[in-house]
Amino acid sequence: MPRAERHGSRRRPVIQTVLLVVVLATAALGLATAGWVLWTGLRATGGPAELVLVMGTAVEPDGTPGRRLEARLEAARRAHAQGLAPVVVVTSGRSPAGIDEASVMAAWLVERGVPADAVLE
């Protein structure tokens with residue numbers, strides 16, 4: 001067997017091995033990062049802050065908050081009630097039906113006991 005053929009055939013498995021190691025290392029790093037984010041997020045207890053920022057999401061066509069938005073608003077209401085933040089800021093745009101989502105969010109919070117002057121749109 002000529003020398004060039006032997007050398008070329010040895011190089012291919014080395015390149016494949018290196019690529020496999022790089023792919024596996026990248027996947028392991030990604031999984032480790034995701035695990036760390038999940039672990040620290042579940043352990044986070046939060047603490048006092050200047051404000052709570054509630055990012056908007058879907059408002060139902062009838063003008064009520066969707067499930068995800070209601071969960072966000074409830075978390076903000078609890079944080080305010082526990083004295084963790086004196087202000088709740090709600091942000092969003094308009095729904096496809098033309099509803100001002102921030103106004104819906106502010107009304108939801110006020111109806112559940114957050115003072116109107118503590119809610120900023």
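Helices (H or I, at least four residues) and strands (E, at least two) are taken here as DSSP runs, numbered from the N terminus. The model shown in all views is predicted.

**Figure 1. Overview of the chain and its elements.** The chain holds three helices and three strands. Read from the N terminus, these elements follow the pattern α-β-α-β-α-β. The chain has 121 residues, of which 21% count as buried. Taking contacts between residues at least 6 apart in sequence, 58% join residues at least 24 apart.

**Figure 2. Close-up of the sheet.** Three strands form an open sheet in the order S1-S2-S3, and their pairing is parallel. The edges are occupied by S1 (52–55) and S3 (119–120); each has a single partner strand, so one side of each lacks a neighbour in the sheet. S1 and S2 run parallel and are joined by four bridges. Within this pair, Val54 is placed opposite Val90 of S2. On the other side of the sheet order, S2 (residues 88–91) pairs with S3 in the parallel sense through two bridges. Here Val89 is set opposite Leu120 of S3.

**Figure 3. Side chains along strand S1.** The side chains of S1 alternate between two faces. Val52 and Val54 point to one face and are buried. Leu53 and Met55 point to the other face and are not buried.

**Figure 4. Packing of helix H2 against helix H3.** H2 (residues 67–81) and H3 (residues 101–111) pack with their axes 10 Å apart, at an angle of about 45 degrees. The two helices are therefore oblique to each other. Their crossing is right-handed. On the H2 side the contact involves Leu69, Glu70, Leu73, Glu74 and Arg77, and on the H3 side Met105, Trp108 and Leu109. Sorted by class, the residues in this contact are five nonpolar, no polar and three charged.

**Figure 5. Helix H3 on the sheet.** H3 lies across S1, S2 and S3, and runs at about 150 degrees to S2. Its buried residues are Glu101, Ala102, Val104, Met105, Ala106, Trp108 and Leu109. Which elements do the buried residues of H3 pack against? They pack against S1, H2, S2 and S3. Just after H3, Gly113 has a positive phi of about 105 degrees.

**Figure 6. Surroundings of His80 in helix H2.** His80 has its place in helix H2. Its relative accessibility is 17%, so His80 counts as buried, the cut-off for that class being under 20% relative accessible area. With neighbours within four places in sequence left aside, the contacts of His80 are Ala85, Pro86, Val87, Val88, Val114, Pro115 and Ala118.

**Figure 7. Val87 in the loop between H2 and S2.** Val87 belongs to the loop between H2 and S2. Is Val87 buried or partly exposed? At 22% relative accessibility, Val87 counts as partly exposed. Apart from neighbours within four places in sequence, Val87 is in contact with Glu50, Leu51, Val52, His80, Ala118 and Leu120. The C-alpha atoms of Val87 and Val114 are separated by 9.2 Å, while the two residues are 27 residues apart along the chain.

**Figure 8. Two arginines of helix H2.** Arg68 lies in helix H2, and Arg78 is also found in H2. Arg68 is exposed, with a relative accessible area of 65%. Arg78 has 41% relative accessibility and counts as partly exposed. The C-alpha atom of Arg68 is separated by 7.2 Å from that of Thr57, eleven residues apart along the chain. For Arg78 and Val114, which are 36 residues apart along the chain, the C-alpha separation is 9.5 Å.

Notes:
Residues numbered from 1 in each chain as written. Predicted model: local features only at pLDDT ≥ 70, side-chain atom pairs only at ≥ 80, totals over all residues. Heavy atoms only, no water. Axes fitted to C-alpha atoms, helices over the stretch in contact; angles between N-to-C directions. Parallel < 35°, antiparallel > 145°, perpendicular 65-115°, else oblique. Left-handed = near helix turned anticlockwise from the far one by under 90°. Contact = heavy atoms within 4.5 Å. Nonpolar A, V, L, I, M, F, W, Y, C, P; charged D, E, K, R; others polar. Pairing = 2+ DSSP bridges. Buried < 20%, exposed > 50% of the residue type's maximum accessible area, 1.4 Å probe, protein only.
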